[in-house]
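Let's take a friendly walk through this protein, looking at its charged pairs, its nonpolar interior and its cysteines. Keep the structure open as you read.

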Amino acid sequence: MQEKKLHSSQPFAPESTENDTLPTGSEKTDSPTGSEKTISPTGSETAASPTGPEAVPADTGTCQKDVRNCPTDTGICTETAESDAGQAPLSSELDKRRNDIEKALRKKFKRDLIGRFEKAVVQYELVQEGDLIAVCISGGKDSMLMAKLFQELKRHNKFPFSLVFLCMDPGYLPQNRELIEQNAKLLGIPVEFCETSIFDAVYTIEKSPCYLCARMRRGYLYRFAKERGCNKIALGHHYDDVIETILMGMLYSGQYQGMMPKLRSTNFEGMELIRPMYLIREKDIIHWRDYNGLHFLQCACRFTEALAQKADSDEPSISKRLETKRLIASLAETIPQVESNLFRATENVVLNKVLGYKIHGEKHSFLEDY
């Protein structure tokens, strides 16, 4: 079979939709695992969402021009780079470290990270000519790597598309915000910060605070990306998030559904959500992080910080995602292919062998075609 070309301009026709204000509680936005740096938090947080250009600090290096009219069309604003150099020149040591990180990404991690990123973009037709994509950054390992992979894709693209890098500040403590800014500067990511008060809004909620936080964050992402002229938002969910979500739905919700690589917004006309990290394994992201000695924000809310501390203890965890992650790991000890089988199961649903199914919210029974 002839391989799809990245420069295909076929019209986008996603097979699934989602309620933007009611994202599934089982989805994680960018809450990494491993040895990432966790700093004392203030509220509930999982992914990046912006709130407005007025919130951009002077030293973020964010270009205030319409990126669609930028003459460079490189995805990285040269005026921003010059501005940064004038305000706080990068040291040769910082330049060297950034170059080393990018060199390792292009060589050592080319197959596992760049290769799988590009494969997802092509296979699921995630990027089209003329797209203006809001790359949503939460400060964790997944979204930061996604930003670098988009920059690499932009370097070699065969058709024009543009990028903006948005980071919602849901109410970070100063040290959390500083860590994100430092990593963005090190990695050469021109992040635009936007302020919200989501942490304050959800911190006192006793029942399902993470669910409410996810709803609010998703709404902010769409809203502020659209205000900047974007037609797509990109989130950093990876392969492990996908299979964990499948199993969580079966075990805790009694339903079989996957986390789709792209979705058409139901509340924001003309907007789409894409997940270009869809085929990338979390272990490879952790390897990239540790190989380069990088330290990212793990989470900044008290609720999930408590979960992270329990992950290293014998206490029962209240995180269903963590429980599911551990279950899959234990199954993999005796069933080496369990992870790939969970993923492939979403591509091999035999409808005449199930009792019922739903399409666009409408339930159907096998008896209809019996």
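A residue is called buried when its relative accessible area is under 20%, exposed when it is over 50%, and partly exposed in between. By that yardstick Arg116, at 26% relative accessibility, is partly exposed. Please bear in mind that this is a predicted model.

**Charged pairs**

Side chains of opposite charge can pair when their charged atoms come close. How many salt bridges does the whole structure hold? A search finds 23. Three of them are set out here.

| Salt bridge | Closest N to O distance |
|---|---|
| Glu152 and Arg106 | 2.9 Å |
| Arg116 and Asp284 | 3.1 Å |
| Lys325 and Glu282 | 2.9 Å |

Start with the side chains of Glu152 and Arg106, which meet in a salt bridge. Glu152 sits in helix H4 (residues 141-155) and Arg106 in helix H2 (residues 92-106), so this pair ties together parts that are 46 residues apart in sequence. The two partners sit in unlike surroundings: Glu152 is buried, with 5% relative accessibility, while Arg106 is partly exposed at 30%.

Next comes the salt bridge between Arg116 and Asp284. Arg116 belongs to helix H3 (residues 110-123) and Asp284 to helix H9 (residues 282-291), so here the parts tied together are 168 residues apart in sequence. Asp284 has a relative accessibility of 7% and counts as buried, whereas Arg116 is partly exposed.

Helix H9 turns up again in the third pair, in which Lys325 forms a salt bridge with Glu282. Lys325 lies in helix H11 (residues 320-334) and Glu282 in helix H9, so the pair ties together parts that are 43 residues apart in sequence. Glu282 is buried, its relative accessible area being 5%. Both residues also belong to a network of salt bridges that links Lys141, Asp142, Glu244, Glu282, Arg321 and Lys325.

**A serine in helix H4**

Helix H4 also contains Ser143, which is buried with a relative accessible area of 1%. Where do the polar atoms of the Ser143 side chain find company? One of them lies 3.1 Å from the backbone nitrogen of Ser138, and the side chain also reaches the backbone oxygen of Gly140 at 3.5 Å.

**The nonpolar interior**

In soluble globular proteins, nonpolar side chains tend to be buried together. The largest nonpolar core here has 58 residues, and the members touching the most others are Phe117, Val127, Ile133, Leu149, Phe150, Ile189 and Trp288. Helix H4 supplies the largest share of this core, with 7 residues.

Phe150 is a good place to zoom in. Leaving aside neighbours within four places in sequence, Phe150 is in contact with Phe117, Val127, Ile133, Val135, Leu163, Ala234, Ile274 and Pro276. Apart from this core lies another, of 14 residues, including Leu132, Tyr222, Ala225 and Phe268.

**Cysteines**

How many disulfides does the structure hold? The count is 0. For Cys230 the reason is distance: the closest cysteine sulfur, in Cys136, is 8.3 Å away from the sulfur of Cys230, too far for a bond. Cys230 is buried at 4% relative accessibility. Cys167 is buried as well, with a relative accessibility of 0%.

How values were computed: Residues numbered from 1 in each chain as written. Predicted model: local features only at pLDDT ≥ 70, side-chain atom pairs only at ≥ 80, totals over all residues. Heavy atoms only, no water. Salt bridge = Lys/Arg side-chain N within 4 Å of Asp/Glu carboxyl O. Helix = DSSP H or I, 4+ residues; strand = E, 2+ residues; numbered from the N terminus. Buried < 20%, exposed > 50% of the residue type's maximum accessible area, 1.4 Å probe, protein only. Polar contact = N/O pair within 3.5 Å; in protein donor to acceptor, adjacent residues only side chain to side chain. Core = buried A, V, L, I, M, F, W, Y, C linked by side-chain atoms within 4.5 Å. Contact = heavy atoms within 4.5 Å. Disulfide = S-S within 2.5 Å.
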